[in-house]
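User: Please take a close look at a single part of this structure, a hairpin and the strands around it. I should like one connected account of pairing, burial and charged contacts.

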Amino acid sequence: QNNDIFTVTSQTGSANPSTGEPPSYPSIVYGTKYNDNVSSGAKLPRMISQINSIPTIWDHNGDHNSVSGVYNSSYDVWINSGSNAGGNDPTGAYLMVWPQNHSTVHPIGDRTFQFISVGGINWEVYTGGRGPSGAPYIAYVAAGTHTSVAFDLMIFINDAIDRGSVNRNHYLMNVQVGFEIWQ
């Protein structure tokens with residue numbers, strides 16, 4: 001989608017960032033989510049093996065120097081074992097890319113101490129966790145804070161395939177981009 005804009009004006013929920021999920025995730029969704037709700041013009045779901053490229057650009061002004069709170073900026077990528085959205089959480093894999101992170105927040109799973117370089121940024125890799133549905137979880141966290149990113153999301157998906165977290169015969173259901181907000 002092009003030139004989508006949203007503003008977060010307040011957050012009333014709160015959660016401990018070291019022990020709980022964020023109470024909110026204001027985001028833009030491209031694809032199929034929650035029982036076959038499909039965003040306008042989406043070409044998803046689609047089998048991962050049939051996708052060559054997913055170019056993405058994201059610019060935002062929610063950096064930690066100008067906006068207080070505990071939050072990250074993140075892409076959520078939901079992958080299902082079949083082409084039906086079915087439920088509330090991904091059944092095949094749950095992949096996240098965090099261009100910006102608050103120092104007290106970390107993905108589930110363990111940091112592998114391995115890095116990949118994508119879009120001129122080094123990314124730490126977290127694996128071993130499970131998403132809410134029990135599907136494999138993998139996350140990529142940027143070194144430093146980045147409020148503007150441009151990359152091919154398939155680089156992350158292919159890396160997750162190589163690590164055994166994603167199956168290339170599963171279906172990309174949606175890509176979400178927004179802010180996980182704890183406080």
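Analyst:
**The E8–E9 hairpin and its surroundings**

In this predicted model, strands E8 and E9 form a hairpin with five residues between them; within the turn, Gly134 has a positive phi of about 95°. The two strands, E8 covering residues 121-130, pair in the antiparallel sense over seven bridges. One of the bridge partnerships joins Thr127 to Ile138 of E9.

Strand E9 also pairs with strand E6 (residues 93-100), here in the parallel sense and over five bridges. In this pairing, Tyr94 has Tyr137 of E9 as its bridge partner.

As to burial, E9 spans residues 136-142, and six of its seven residues are buried, so the strand is largely enclosed by the rest of the structure.

Strand E8 leads on to the charged contacts. Glu124 forms a salt bridge with Arg111, with 2.9 Å between the closest N and O atoms. This pair links distant parts of the chain, since Glu124 lies in E8 and Arg111 in strand E7 (residues 110-118), 13 residues apart. Glu124 has a relative accessible area of 15% and is therefore buried, whereas Arg111, at 36%, is partly exposed.

A search of the whole structure finds two salt bridges. Outside the hairpin, Asp159 forms a salt bridge with Arg163, the closest N and O atoms lying 2.5 Å apart. Here Asp159 counts as buried at 14% relative accessibility, while Arg163 counts as partly exposed at 28%.

How values were computed: Residues are numbered from 1 along each chain as its sequence is written. This is a predicted model: local features need pLDDT of at least 70, side-chain atom pairs count only at pLDDT 80 or more; totals for chains, interfaces and linings use all residues. Side-chain values use heavy atoms; hydrogens and water are left out. Buried means under 20% relative accessible area, exposed over 50%, partly exposed in between (1.4 Å probe, protein chains only). Helices (H or I, at least four residues) and strands (E, at least two) are DSSP runs, numbered from the N terminus. Two strands pair if DSSP finds at least two bridges between them. A salt bridge is a side-chain nitrogen of Lys or Arg within 4 Å of a carboxyl oxygen of Asp or Glu.
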